[in-house]
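Me: I am new to this structure and should be grateful for a close look at a single part of it. Please describe the surroundings of the ligand in one connected account.

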Amino acid sequence: MYKLAVDVAIEAGKFLRMNVGKVKHIERKQGQETNLVTEIDKKAEELIIRRIRNRYGSHDFLGEESGGNQSASEYRWIIDPLDGTTNFTHGLPIYCVSIGLEFRGELRVGAVYDPTLDELFSAEKGKGAFLNGKRISVSTTSKLVESLLVTGFPYDVRENADKLLPHFNNFLMEAQAVRRLGSAALDLCYVACGRFDGFWEAALNPWDMAAGVLILEEAGGKFTDLRGFPSTIYRKELLVSNGALHDQMLEVLKRGMK
Ligand code: IPD
Ligand code: CA
Ligand code: CA
């Protein structure tokens with residue numbers, strides 16, 4: 001299943017890359033002007049589910065574009081066929097495919113593939129995390145002022161600006177720098193391999209997080225909610241870090257909460 005996740009993530013990622021600049025239909029989701037979906041998102045998800053179904057016909061799926069099904073299966077594949085759709089539609093080469101697999105509700109396999117850089121991040125529960133086959137681990141940065149952080153904003157940021165922006169302002173004042181890349185799955189993998197030291201976001205979906213959270217944890221990173229409590233990929237908010245910076249990041253988040 002690990003090999004299948006990896007192979008299918010690469011295949012779907014190559015499909016995305018081939019289609020940069022060829023998007024024909026852009027729709028708005030859930031009545032939100034900025035929440036885009038293209039025919040490429042949908043086709044990539046169809047491809048992924050088709051490949052997995054061919055091998056494991058009885059498994060369940062939770063895909064961003066096709067939703068979920070629930071059967072008696074103990075396996076559930078959690079799929080974001082294109083994480084970074086806004087970037088993709090603008091030709092900004094920061095997007096990826098994310099495929100996670102749960103067994104009895106526990107994350108077991110994660111594969112995130114970035115076709116632009118040909119980077120495959122992957123992990124199997126208990127076996128470490130890898131970038132193109134080489135083991136990765138989180139950074140050792142221990143001072144916030146030396147940290148490079150990343151965040152993201154939900155599509156309803158305009159309605160929740162009061163809640164979301166104070167954290168951004170506060171981290172700007174405390175960290176070495178703060179980035180906003182537009183692909184939560186890559187943000188997670190970049191913390192896992194030490195490019196970023198920490199990442200927070202207030203409203204993600206399970207398909208944004210499934211693969212990346214396993215990769216992050218297998219690389220030695222820490223994952224909680226924004227108040228420091230243990231979290232899951234179904235709880236929307238997320239704070240991840242290299243561990244050493246976690247408490248310092250929680251302090252900053254606390255200050256920004258009303
Ligand atoms: C989005 C990206 C973005 C994050 C948003 C997500 P999508 O996913 O991961 O970085 O800030 O919250 O919805 O829509 O490009 O798959
Ligand atoms: Ca996503
Ligand atoms: Ca997506």
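Reply:
**The surroundings of ligand 1**

In this predicted model, 16 residues lie around ligand 1, and those that come nearest are Asp83, Gly84, Tyr155, Ala184 and Glu201. Three of these residues may be followed down to single atoms. At glycine 84 the backbone is involved: one of its polar atoms is 2.7 Å from an oxygen atom of ligand 1. At tyrosine 155 the side chain takes part, with an N or O atom 2.6 Å from an oxygen atom of the ligand. Glutamate 201 likewise contributes through its side chain, a polar atom of which lies 2.6 Å from an oxygen atom of ligand 1. On its own, ligand 1 has 380 Å² of accessible area, and the protein covers 95% of this area.

As to the site itself, the space that ligand 1 takes is the largest pocket. The shell around the ligand is drawn from both domain 1 (2–135) and domain 2 (144–256), each of which supplies at least three residues. Among the structural elements, strand S5, which spans residues 75–83, gives the most to this shell, namely three residues. In chemical character the shell is mixed: six of its residues are charged, five are polar and five are nonpolar.

Taken together, the account is of a ligand in the largest pocket, with residues of two domains in its shell and 95% of its accessible area covered by the protein.

Terms used
Residues numbered from 1 in each chain as written. Chains lettered and ligands numbered in written order. Predicted model: local features only at pLDDT ≥ 70, side-chain atom pairs only at ≥ 80, totals over all residues. Heavy atoms only, no water. Near = heavy atom within 4 Å. Polar contact = N/O pair within 3.5 Å; in protein donor to acceptor, adjacent residues only side chain to side chain. Areas by Shrake-Rupley, 256 points an atom, 1.4 Å probe, with all protein chains shown as cover. 1 Å grid on protein atoms, 1.4 Å probe; cavity = no way out; pocket = protein on both sides within 12 Å on 5 of 7 lines; lining within 4 Å. Sits in = over half its atoms within 2 Å of the grid points. Helix = DSSP H or I, 4+ residues; strand = E, 2+ residues; numbered from the N terminus. Nonpolar A, V, L, I, M, F, W, Y, C, P; charged D, E, K, R; others polar. Domains from an automatic or database assignment.
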